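Good morning, everyone, and thank you for making the time. I would like to talk through one structure today, going from its pockets and cavities to the strands around them, so please have it open in front of you.

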Amino acid sequence: MKNRSQQIDFDVHTIRKDFPILKRKVNGQPLIYFDNAATSQTPQVVIEAIVDYYSRYNANIHRGVHSLSQEATDAYEEARIKVQKHFNATKSHEIILTSGTTHSINLVANGFAAILKKGDEVLVSALEHHSNIVPWQMLCQKTGAILKVLPMTQSGELDMDAFNKVISSNLKLVFVNHVSNALGTVNPIELIIKKAHNVGAAVLIDGAQACPHIKPDVQALDVDFYVASAHKICGPTGVGILYGKEAWLEKLPPYQGGGEMIDQVTFEKTTYAGLPHKFEAGTPNICGGIATGVALDYMNAIGFETIAYYEDQLLQYATQKLLGIEGLKIYGISDHKTAVISFNVGDIHPYDIGTILDKLGIAVRTGHHCAQPIMDFYQIPGTVRASFSFYNTKEEIDTFIQGVQRAVMMLS
């Protein structure tokens with residue numbers, strides 16, 4: 001991340017013009033959208049890509065010889081190459097396009113069901129989203145593998161001393177998010193990957209929360225699997241990204257059977273297609289895949305260093321303002337975090353604060369954020385979570401602070 005005193009060439013008010021939804025009102029108030037950790041908003045250029053597909057070349061891909069099918073196929077595969085380049089994968093067929101991060105994780109979990117055996121160990125971190133906990137619990141139930149948990153600290157960071165103690169030759173899989181969706185903590189995945197590989201374990205990194213802020217380099221990380229969702233990087237819903245090292249993807253069995261993922265089918269035997277089609281059964285979200293490539297183009301044109309720097313300014317500004325509210329506690333106080341703030345005020349239920357903020361046109365997330373183990377660790381029912389993106393402003397944060405103060409006054 002750039003030095004906080006460094007100036008950047010970034011005009012947020014020009015950027016905001018790219019997002020039609022930011023012009024609307026909610027409950028009679030200008031929309032202030034601080035729920036970016038759940039899903040980002042969509043720029044006009046991505047919306048136009050979706051409309052363009054359905055208006056000009058809507059057709060199924062990979063199967064037709066007619067012109068529309070060829071155009072759609074070319075556009076879809078161009079998008080795959082854009083994803084490959086963005087993540088710096090070695091080959092385009094190491095990119096599997098899925099329906100979301102959850103689909104990607106389950107695809108890998110299903111594959112390892114044929115590999116793990118009783119007594120093997122699987123490690124997940126205490127900072128995980130439910131989608132990176134439940135599939136591994138199901139996997140262990142099927143295989144007899146043992147699920148272990150890498151604990152967290154009060155500051156919302158992973159306990160790396162505990163990690164050093166839990167790794168052993170029995171460890172076969174490690175699953176850690178790059179960034180915590182509930183707290184914003186950036187985890188030391190480079191060190192985790194290296195130590196896991198030292199004992200022969202494979203590593204899957206859940207990058208859904210990181211990718212809006214960080215441009216990952218899967219070759220530099222030497223990660224085995226990396227997953228993300230398009231809807232958190234200015235793209236459409238219903239599109240996920242799975243990067244896997246070619247050797248692992250070749251080793252894993254198909255997740256679903258059907259069209260596209262086959263080579264030859266007879267009633268006696270079916271052989272499977274090569275990568276990436278082996279894992280892409282059926283008709284995909286074609287326009288969504290194409291639009292994902294456009295979304296990556298849009299964000300890369302702004303620049304991820306610029307995005308990270310600007311969002312960090314928002315994070316520091318909002319944190320300072322919130323801490324001025326009596327009784328307010330922030331959960332997740334790592335020095336390494338993205339633009340997410342989870343907080344409570346005294347004994348006020350987070351849902352009540354969120355409801356009042358909504359009446360003021362301010363969208364935040366309340367609850368356990370699909371991370372109940374984190375809430376159990378802190379012994380709280382949930383938090384108010386405000387998450388910022390590069391199209392948010394300090395003026396919006398000022399209005400948000402006033403809204404929180406008003407909610408506290410009404411509810412105390």
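**A pocket and its surroundings**

Let me start with the second largest pocket, which is lined by 23 residues, and of these Ala37, His129, Asn181, Lys232 and Cys370 lie nearest its centre. Please keep in mind throughout that this is a predicted model. The space in this second largest pocket comes to about 380 Å³, and its lining divides by class into 5 nonpolar, 14 polar and 4 charged residues.

Which elements supply this lining? Both α4, residues 101-112, and β16 each contribute at least two residues to the second largest pocket, and β16 gives the most, with 3 residues. In terms of domains, the lining draws at least three residues from domain 1 and at least three from domain 2.

That brings me to the division of the chain, where domain 1 covers 12-42 together with 304-407, while domain 2 covers 47-300. The C-alpha centres of domain 1 and domain 2 are 28 Å apart, and the contact between them takes 37 residues from domain 1 and 36 residues from domain 2.

Let me turn now to enclosed space. How many cavities of 30 Å³ or more does a search of the whole structure find? The search returns 2 of them, and the largest cavity holds about 80 Å³ of space. There are 14 residues lining the largest cavity, and Asn36, Pro212, His213, Phe388 and Ser389 are the closest to its centre. By class, the lining of the largest cavity splits into 6 nonpolar, 6 polar and 2 charged residues. And where does the largest cavity lie with respect to the two domains? Because domain 1 and domain 2 both give residues to its lining, the largest cavity lies between them.

The second largest cavity has a volume of about 40 Å³, and its lining includes His62, Arg63, Glu260, His277 and Glu280. In that lining, 2 residues are nonpolar, 5 are polar and 3 are charged.

I said that β16 contributes to the second largest pocket, so let me place that strand in its sheet. The sheet is open and has 4 strands, in the order β13-β14-β17-β16, with antiparallel pairing. β13 (328-331) and β16 (365-367) stand at the edges with a single partner strand each, so one side of each is left without a neighbour in the sheet. On average, and ignoring direction, neighbouring strands of this sheet are turned by 30 degrees against each other.

Between β16 and β17, the latter being residues 383-387, there are 3 bridges, and the two strands run antiparallel; Gly367 stands opposite Thr383 in β17. Helix α11, residues 304-322, lies across β13 and β14 (340-345), and runs at about 10 degrees to β14.

Finally, a word on another pair of strands, β11 (residues 262-265) and β12 (residues 270-272), which run antiparallel and are joined by 3 bridges. Within this pair, Ile262 stands opposite Tyr272 in β12, and β11 and β12 form a hairpin that has 4 residues between them.

To return to the opening, then, the picture I would leave you with is a second largest pocket whose lining draws on both domains, together with a largest cavity that lies between domain 1 and domain 2.

Note on methods:
Residues are numbered from 1 along each chain as its sequence is written. This is a predicted model: local features need pLDDT of at least 70, side-chain atom pairs count only at pLDDT 80 or more; totals for chains, interfaces and linings use all residues. Side-chain values use heavy atoms; hydrogens and water are left out. Two strands pair if DSSP finds at least two bridges between them. Axes are lines fitted to C-alpha atoms, for helices over the stretch in contact, and angles run from 0 to 180 degrees between N-to-C directions. Contact means heavy atoms within 4.5 Å. On a 1 Å grid over the protein atoms alone, a cavity is a set of points where a 1.4 Å probe fits but cannot get out, and a pocket is an open set with protein on both sides within 12 Å along at least five of seven lines; lining residues have an atom within 4 Å of a point. Grid points are joined across faces, edges and corners, and a volume is the space filled by probe spheres set on the points. Ala, Val, Leu, Ile, Met, Phe, Trp, Tyr, Cys and Pro count as nonpolar, Asp, Glu, Lys and Arg as charged, and the others, Gly among them, as polar. Domain bounds come from an automatic or database domain assignment.
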